[in-house]
Amino acid sequence: PEWIARCDALEDLVVAENAIVSPTPSLESNTAMRLLDVADNSLRTLPNLPKSLRHLFASGNKIDDIPTVTKSCVSLETLDVERNKITSLPNDLAGLTKLVRVNVRKNLLREVDPPLMHRRASSLRSFRFS
């Protein structure tokens, strides 16, 4: 619903395991948001995300592209997009300097080697892509 975008103090938004098809409204203005869990729905795209977001759980959807993540989530630590339809990882994924956990298992990826990702190798704690 639209009112969620106006919840300025909202830190965690969990709407997992529903039948949501369209993304929530833009969450860019939710400056307190740290966690978004939209796992196990039927989303094809993600909403615009806040810069403050640290943990994104969007597994089990129908998402085929995740460009909004790298463009806006400068504080992101966890990216879990397992079981979607993603065909490639964003070229600027390595630019997320706080990213320590990535789960891209069970997608349609042909390669998992975004440019400059080798620079992030020393800080990654978990990278799942089988």
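Is Glu82 buried or exposed? In this predicted model, Glu82 is buried, with a relative accessible area of 12%, and the contacts made by this residue offer a convenient way into the rest of the structure.

The overall architecture should come before those details. The protein has one helix and six strands, and, read along the sequence, these elements follow the pattern β-β-β-α-β-β-β. The radius of gyration is 14 Å, close to the 14 Å that the globule rule gives for 130 residues, so the protein is as compact as a globular protein of that length. Taken along the principal axes, the C-alpha atoms fill a box of roughly 40 × 25 × 20 Å. Of the 130 residues, 43% count as buried, and among contacts between residues at least 6 apart in sequence, 21% join residues at least 24 apart.

Part of the buried portion can be described through its nonpolar residues. The largest nonpolar core has 29 residues, and those with the most contacts inside this core are Leu36, Leu56, Val69, Leu76 and Leu79. Val69 illustrates how such a position is surrounded: leaving aside its neighbours within four places in sequence, Val69 is in contact with Leu46, Leu49, Leu56, Leu76, Leu79 and Leu96.

Leu79 also leads back towards Glu82, by way of Asn103. Not counting residues up to four places away in sequence, Asn103 touches Leu79, Asp80, Val81, Glu82 and Arg128. Asn103 lies in strand β5 and, at 9% relative accessibility, counts as buried. The side chain of Asn103 makes a polar contact with the side chain of Glu82, at 3.1 Å.

Glu82 has a charged partner as well. Side chains of opposite charge can pair when their charged atoms come close. Arg105 forms a salt bridge with Glu82, the closest N and O atoms being 3.0 Å apart. This pair links distant parts of the chain, with Arg105 in the loop between β5 and β6 (126-128) and Glu82 in the loop between β4 and β5, 23 residues apart. The two partners differ in their surroundings, for Arg105 counts as partly exposed at 24% relative accessibility, whereas Glu82 is buried at 12%.

The model has two salt bridges by count, and the other pairing to follow is that of Asp40 with Arg83, whose side chains meet at 3.2 Å, N to O. Asp40 lies in the loop between β2 (35-37) and β3 (55-57), and Arg83 in the loop between β4 (78-80) and β5 (101-103), so the pair ties together parts that are 43 residues apart in sequence. Here Asp40 counts as partly exposed, at 28% relative accessibility, and Arg83 likewise counts as partly exposed, at 36%.

What, finally, can be said of disulfides in this structure? The structure holds zero disulfides, and the distance between sulfur atoms shows why: the sulfur of Cys7 is 18 Å from the closest cysteine sulfur, in Cys73, too far for a bond, given that a disulfide requires the two sulfur atoms to be within 2.5 Å. Cys73 is accordingly in no disulfide, the nearest cysteine sulfur being that of Cys7. The cysteines can also be described by their accessibility, since Cys7 counts as partly exposed at 23%, while Cys73 counts as buried at 0%.

Definitions and conventions
Residues numbered from 1 in each chain as written. Predicted model: local features only at pLDDT ≥ 70, side-chain atom pairs only at ≥ 80, totals over all residues. Heavy atoms only, no water. Salt bridge = Lys/Arg side-chain N within 4 Å of Asp/Glu carboxyl O. Helix = DSSP H or I, 4+ residues; strand = E, 2+ residues; numbered from the N terminus. Buried < 20%, exposed > 50% of the residue type's maximum accessible area, 1.4 Å probe, protein only. Core = buried A, V, L, I, M, F, W, Y, C linked by side-chain atoms within 4.5 Å. Contact = heavy atoms within 4.5 Å. Polar contact = N/O pair within 3.5 Å; in protein donor to acceptor, adjacent residues only side chain to side chain. Rg over C-alpha atoms; globule rule 2.2 N^0.38 Å.
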